[in-house]
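Visitor: I am new to this structure and would like to understand the reasons behind the labels. Could you take me through them one at a time?

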Amino acid sequence: MKKVTCFLILCLCAGLLNASAQQTKLLQYVQPMSGTAASTTISALKHGEDGSEKYANTIPAVGSPFGMTQWSPQTRLSEAKCLPPYYYKDSLLNGFRATHWISGSCTQDYGSFTFMPITGKLQTRASLYASPFSHATEISTPAYYRVGLPRYQLQAEITATARCAMLQFTMEKADSLYLLISPNSDENEGYIKIDYEKGEVYGYNPVHRIYQGWGKSAGFSGYFVMKVERLFQKGGTFSEGNVFNTDSIARLKDIGAYLGFRLQKGEQLRIRVGTSFSSIEGARKNLAAEIPDWDFGSLKVKNEQVWEQALSQTLVESAKEKDKRVFYTSLYHVMQHPRLYNDIDGSYPRFAGDYQLNVLPKGNYYDDFSMWDIYRAHLPLMEILKPKLVNDWVNSVVLKGSQGGWLPIFPCWNNYTSAMIGDHTTAFISSAFNKGIRDYDVGEAYRLMRKNAFEVANDADYKNGMGRRALSSYLKYGYIPMQDSVPEAFHKKEQVSRTLEYAYDDYALAQVARSLGKTEDALRLTKRAGNYKNVFDPKVNMVRGRNEDGSWYPVFNPDTREPYITEGTPRQYTFYVPQDVPGLARLLGGRAGLELALDSLFSKKEYWHGNEPGHQIPFMYNYTGTPWKSSLKVHQILEEEYSDGPGGLSGNDDAGQMSAWYVFAAMGFYPLDPVSDQYLLTVPLFSHTKIRLESGKVFELIRHGDLQKTPYIQGLKLNGKPYAYTYIRYADIQTGGKLEFFLSDKPGKWGSSAQYQPKGLTQR
């Protein structure tokens with residue numbers, strides 16, 4: 001009996017060690033530097049513009065999944081649009097930023113603060129105190145960052161929670177150490193104060209809007225409270241390089257505060273920083289709750305455990321370590337946003353408000369929804385992994401609509417923006433609703449979505465970013481004609497793309513209307529979902545600009561950027577009909593015509609993976625007689641468009657959408673129509689994927705066969721039974737179970753019959 005007991009104990013210990021080893025490995029796969037340099041992929045070089053689209057615009061962020069504030073080394077000073085805090089190519093570091101940069105975006109940072117340690121003589125101009133640094137001395141993980149600053153002979157380290165961080169500076173020589181703290185207000189509206197009695201520094205940086213309402217106050221600020229472990233008696237403020245013997249400063253250019261210390265070699269200075277969007281007191285409470293002590297090492301371990309738990313929800317097996325690095329780096333990028341906005345006590349700034357605060361009775365409030373991007377794959381991925389979190393996100397956007405009067409199109413910096421096109425907050429809510437995620441005010445959600453779809457905002461609201469752009473034209477013609485230039489928008493014109501995307505959003509809302517028994521609405525919206533046909537010119541077999549009188553816009557260049565297309569070409573946008581691919585196929589001459597059109601796009605090398613409107617295209621072969629081509633195209637993209645190098649992302653990551661595409665495609669399924677409950681299947685990159693669902697159940701995807709030698713699907717089994725369909729449903733995943741892919745060295749008949757493929761609008 002003793003021998004049996006000892007054996008069981010040894011097995012248990014071995015199992016725990018193996019589990020621990022697995023967890024330790026996952027964090028090491030994440031490469032936060034990926035995407036911090038210009039893209040070097042084939043598609044980006046062909047299709048990307050010379051500006052921001054060549055950059056993924058990610059940063060080596062330290063923080064918690066979906067946290068309020070990320071912490072990044074800073075090589076660029078401004079909060080300006082399209083300028084992330086960190087570029088890999090830079091050689092000078094000028095601080096460590098508490099940032100609200102939307103990862104992978106071309107928007108703006110806001111409400112941020114920067115902390116910079118320097119030794120020797122006090123300097124307060126960034127051009128004078130910036131320090132050279134080397135990537136060789138950087139350690140960058142989701143939970144920890146370290147770098148050496150040789151100019152100042154010190155080491156800097158950061159670890160961070162959802163709302164707070166601890167920074168630790170270690171001296172490599174005895175010297176004076178100055179800590180510079182700067183609110184990064186480009187509008188010269190920041191404030192900072194030193195409180196010698198409390199041993200803290202606090203301040204704020206007011207937030208401003210861009211796009212609709214550009215330059216206006218966003219109605220809240222970024223606040224911080226910093227506590228220092230050591231007593232400090234020397235300090236002051238500065239502006240534009242001038243130093244003042246005061247304990248506070250406000251509303252001047254390049255302001256900040258400094259604290260002075262004398263440290264010996266090997267001594268450390270630690271600071272704790274709390275952040276908030278509600279108030280200085282909120283930042284103070286957040287800090288007390290999340291980082292109550294000065295144990296940097298223990299905090300780092302706790303933060304690493306948070307990320308290990310998040311990453312280990314999806315386990316993959318592969319002989320290629322690079323594939324695992326790209327996969328877990330992609331998951332890390334997906335988990336940056338949406339952004340937590342409320343304090344530990346539930347306080348958050350009212351949406352589109354004027355410094356009013358609301359308090360949540362339960363759950364959390366989020367913002368920074370890069371909705372034109374993330375409704376496609378990012379949010380659907382979280383519907384699988386974190387449905388309770390998605391419920392908070394839906395509740396957040398419904399609260400925004402209730403507080404502001406209109407459902408926001410692209411809610412960022414807690415305000416209306418009307419950035420990009422479409423009305424994809426409706427698509428997102430509908431997607432969650434169709435997955436059974438409904439613990440919010442469904443009636444209010446429907447009212448707000450319906451208002452966006454049927455009501456035209458008055459002039460004042462419209463200019464403020466409320467309501468669909470060009471809705472009156474869309475309702476009148478069934479498309480947006482070239483004569484409507486959509487002047488009240490950051491993205492002007494783009495009439496054809498808007499028509500296509502509104503048609504999809506109408507389809508999305510129709511699903512909710514039908515479920516709620518609103519039959520008349522459902523019929524009207526379903527009819528509008530077919531409006532994509534109104535901009536399809538059968539003479540050129542593509543979408544095309546159309547005039548008010550029904551004639552076609554005379555200029556037509558299928559493979560160049562046209563004013564009526566958003567960030568793409570007519571050929572690329574022709575395939576944006578996710579609600580009715582069989583209907584599009586009929587316009588193209590049937591399933592064979594769809595296949596030929598797809599073949600043409602790829603053979604002409606006109607597929608551009610660096611931007612979102614085409615992300616569904618490789619999976620559209622699943623609607624043809626040759627679904628095996630999807631797998632070939634998907635794996636080509638996985639191989640050519642993603643890497644773990646600094647330039648390894650093909651264009652803006654856009655709050656994690658590019659990365660979410662990789663995660664789905666690598667696992668072997670993708671939400672071509674994210675509102676539906678169907679995911680198109682393709683050969684998995686990994687031999688075994690295990691998804692640990694929130695319910696405690698597990699869904700597995702197993703690939704039988706070598707990907708290089710046998711790249712084609714011969715057949716599938718779902719829970720041991722043959723499975724003939726080219727898609728799998730949300731319920732199949734959430735129930736748990738096993739989907740097995742059996743491969744062959746030649747294309748077979750799997751999925752080639754239309755009866756096993758998703759249906760179109762008229763077939764449902």
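Guide: This is a predicted model, and a good place to begin is helix α18, residues 591-603, whose 13 residues should span 18 Å at 1.5 Å a residue, and whose end C-alpha atoms are indeed 18 Å apart, so the value agrees with the expectation.

Visitor: Which residues of α18 are called buried, and what covers them?

Guide: Buried means under 20% relative accessible area, and in α18 the residues that meet this are Gly593, Leu594, Glu595, Ala597, Leu598, Ser600, Leu601 and Phe602. Their cover includes the helices α16 (570-573), α17 (581-587) and α19 (628-641). Just after α18, Lys605 takes a positive phi of about 60°.

Visitor: How do you know what span to expect of helix α14?

Guide: The expected span is 1.5 Å times one less than the number of residues, and for the 21 residues of α14 (495-515) this comes to 30 Å, close to the 31 Å found from the first C-alpha to the last. The helix is also mostly covered, with 19 of its 21 residues buried, and just after α14 Gly517 has a positive phi of about 80°.

Visitor: What makes the pair Cys82 and Cys106 a disulfide?

Guide: A disulfide requires two cysteine sulfur atoms within 2.5 Å, and those of Cys82 and Cys106 are 1.6 Å apart, so by this definition the pair qualifies. The count by this rule comes to 1 disulfide, and with 85° about the S-S bond the link of Cys82 and Cys106 is right-handed. Cys82 lies in the loop between β1 (70-74) and β2 (92-93), while Cys106 lies in the loop between β3 (95-99) and β4 (113-119), so the link ties together parts that are 24 residues apart in sequence. Both Cys82 and Cys106 are buried.

Visitor: Why is Cys412 not counted in a disulfide?

Guide: The nearest cysteine sulfur to that of Cys412 belongs to Cys106 and is 13 Å away, whereas the definition asks for sulfur atoms within 2.5 Å, and therefore Cys412 is in no disulfide.

Visitor: Why is Cys412 called buried?

Guide: Its relative accessibility is 0%, and the label needs a value under 20%, so Cys412 counts as buried.

Visitor: What makes up the largest nonpolar core?

Guide: The largest nonpolar core has 165 residues, and those with the most contacts inside it are Phe327, Tyr328, Trp393 and Phe669. Leaving aside residues up to four places away in sequence, Tyr328 touches Leu26, Tyr29, Val30, Leu311, Thr314, Leu315 and Val316. A second, separate core of 49 residues includes Phe115, Tyr178, Phe232 and Tyr258.

Visitor: Why are β6 and β16 called edge strands?

Guide: The open sheet has 9 strands in the order β6-β7-β8-β9-β18-β13-β12-β11-β16, with antiparallel pairing, and β6 (139-141) and β16 (248-250) are its edge strands, each pairing on one side only. The twist averages 15° from one strand to the next.

Visitor: How do you know that β6 and β7 pair?

Guide: Pairing needs at least two bridges between two strands, and β6 and β7 (144-149) have 3 in the antiparallel sense, so they meet the definition. Within this pairing, Ser140 has Tyr145 in β7 as its bridge partner.

Visitor: Which helices lie on this sheet?

Guide: Helix α4 (280-290) lies across β9 (164-171), β12 (200-208), β13 (217-228) and β18 (268-276), running at about 125° to β18. Helix α5 (296-311) packs on the sheet as well, touching β7, β8 (154-160), β9 and β18, and its direction makes about 45° with that of β8.

Notes
Residues are numbered from 1 along each chain as its sequence is written. This is a predicted model: local features need pLDDT of at least 70, side-chain atom pairs count only at pLDDT 80 or more; totals for chains, interfaces and linings use all residues. Side-chain values use heavy atoms; hydrogens and water are left out. Helices (H or I, at least four residues) and strands (E, at least two) are DSSP runs, numbered from the N terminus. Buried means under 20% relative accessible area, exposed over 50%, partly exposed in between (1.4 Å probe, protein chains only). A nonpolar core is a set of buried Ala, Val, Leu, Ile, Met, Phe, Trp, Tyr and Cys residues joined through side-chain atoms within 4.5 Å. Contact means heavy atoms within 4.5 Å. Axes are lines fitted to C-alpha atoms, for helices over the stretch in contact, and angles run from 0 to 180 degrees between N-to-C directions.
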